[in-house]
Amino acid sequence: ANITEFSHLLWALFLFAILVSFAIAFYITRQIVSPINQAVQFAEQVANGDFKVETSSSSSSSSASLETEQLLDALRKMAERLDKMIQLIRDSESKTNAIIGTANDAIITINNRGIINTVNPATEKAFGYSADEMIGQNVRMLMPEPDKGRHDGYIARQLETGINQIIGTG
C-alpha cells in the first residue's frame, strides 16, 4: 500500500509540476507577446495613416521590456515625423496648384506614355477642351501634324536614351 500511495503522490507531484510549468510558460508568453502585439497594432495604425495613435504606456507596458518601450517610442517619433512630412507635402501641393491654376500659360503634365495627368485652366482656354476631356488622353490630341504622328516615337526614344527632345517649336 505504501508503494501505491507513493506512486500516486509522485504522479500528483508530476502533474502539479506540469501544471505549474504551463502556468509559468503562459505568463511569460503573455509578458513577451503583449508588448509585441501593442507595437504591431501601433505600426498597423501608422501604416493606415493614423499618425495620432496613442499607446497605453502605463498599464500593459509596465511588464514590457525596455527594448519594447524603445521600439514604441521610435514608432511614435516616426509617426510624428511622417505626419509633419505629409503636412509639408500637402502645403507644397496646395501652393503648386495655386500657382499652376492662376498661370496665364497652358501647363500640362503627362506620364511616361504621354497620357495627360493634369491641365490648368489656361490649357482649357488655349485648346478649347475641358479638363475632363483631356485628362486620361494622349497629349498628341493637342498637337498638329506632323508632330502628332511622331509624338509616341519621341517619347519612346527619350525613355530609351534619356535625351529630351523638344517637339515642334521650343
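pLDDT is the predictor's confidence in each residue, from 0 to 100. Keep that in mind, since this is a predicted model.

**Exercise 1. Find which elements of the chain have the lowest and the highest mean pLDDT, then look at the chain as a whole.**

Step 1. Go through the elements: α1 comes out lowest, with a mean pLDDT of 82, and helix α4 (residues 131-134) comes out highest, at 96.

Step 2. Zoom out. The chain averages a pLDDT of 83, and 89% of its residues reach 70 or more.

Step 3. Check the weak spot. Across residues 58-63 the pLDDT drops below 50, and beyond near neighbours in sequence this stretch has 5 contacts in the model.

**Exercise 2. Work out how many helices and strands the chain has, and in what pattern they follow each other.**

Step 1. Count the elements: 5 helices and 2 strands.

Step 2. Read along the sequence, and you get α-α-β-β-α-α-α.

Step 3. Add the global numbers. Of the chain's 170 residues, 19% count as buried. Among contacts with a separation of 6 or more, 29% are between residues 24 or more positions apart.

**Exercise 3. Test whether the spans of α2 and α5 agree with 1.5 Å a residue.**

Step 1. Recall the rule: the expected span is 1.5 Å times one less than the number of residues.

Step 2. Apply it to α2. This helix has 37 residues, so 54 Å is expected, and the stretch from first C-alpha to last is close to that at 54 Å.

Step 3. Do it again for α5 (residues 147-161). Its 15 residues should span 21 Å, and the end C-alpha atoms are 19 Å apart, which agrees.

Step 4. See what sits under each helix. In α2 the buried residues are Thr68, Glu69, Leu72, Leu75, Arg76 and Ala79, and α1 is part of what covers them. In α5 they are Asp147, His151, Tyr154 and Ile155, and these pack against β1 (108-110).

Step 5. Look just past the end of α5: Gly162 follows, with a positive phi near 80°.

**Exercise 4. Locate the salt bridges and say how exposed the partners are.**

Step 1. Search the structure, and 2 salt bridges turn up.

Step 2. Take Asp73 and Arg76, whose closest N and O atoms are 2.4 Å apart. Both are in helix α2 (residues 66-102), 3 residues apart, so about one helical turn separates them.

Step 3. Use the helix geometry. An α-helix has 3.6 residues a turn, so residues three or four places apart point the same way.

Step 4. Compare burial against the cut-off of 20%. Arg76, at 19% relative accessibility, counts as buried, while Asp73, at 37%, counts as partly exposed.

Step 5. Now the other pair: Arg140 and Asp152 have their closest N and O atoms 2.3 Å apart. This pair links distant parts of the chain, with Arg140 in the loop between α4 and α5 and Asp152 in helix α5, 12 residues apart. Arg140 is partly exposed at 31%, and Asp152 is partly exposed at 35%.

**Exercise 5. Decide whether the aromatic pair of Trp11 and Phe14 is stacked or edge-to-face.**

Step 1. Run the search over the whole structure: it gives 1 aromatic pair.

Step 2. Get the geometry. The ring centres of Trp11 and Phe14 are 5.7 Å apart, with 85° between the planes.

Step 3. Apply the cut-off. Planes over 60 degrees apart count as edge-to-face, so that is the label for Trp11 and Phe14.

Step 4. Place the residues. Both lie in helix α1 (residues 2-47), 3 residues apart, or about one turn. Trp11 is exposed, with a relative accessible area of 53%, whereas Phe14 is partly exposed at 44%.

**Exercise 6. Determine whether Asn120 is buried or exposed, and what its side chain meets.**

Step 1. Find Asn120 in the loop between β2 (116-119) and α3 (121-127).

Step 2. Check its relative accessible area: at 2%, Asn120 is buried.

Step 3. Follow the side chain. A polar atom of it lies 3.1 Å from the backbone oxygen of Ile100. The Asn120 side chain also makes a polar contact of 2.6 Å with the side chain of Thr123.

Step 4. List the partners. Leaving aside neighbours within four places in sequence, Asn120 is in contact with Ile100, Ala103, Asp105, Ala106 and Ile107.

Methods:
Residues are numbered from 1 along each chain as its sequence is written. Side-chain values use heavy atoms; hydrogens and water are left out. Rings of Phe, Tyr and Trp (its six-membered ring) pair if their centres lie within 6.5 Å; planes under 30 degrees apart count as stacked, over 60 as edge-to-face and the rest as tilted. Helices (H or I, at least four residues) and strands (E, at least two) are DSSP runs, numbered from the N terminus. Buried means under 20% relative accessible area, exposed over 50%, partly exposed in between (1.4 Å probe, protein chains only). Contact means heavy atoms within 4.5 Å. A polar contact is a pair of N or O atoms within 3.5 Å; within protein, one must be able to donate a hydrogen and the other to accept it, and residues adjacent in sequence count only if both atoms are side-chain atoms. A salt bridge is a side-chain nitrogen of Lys or Arg within 4 Å of a carboxyl oxygen of Asp or Glu.
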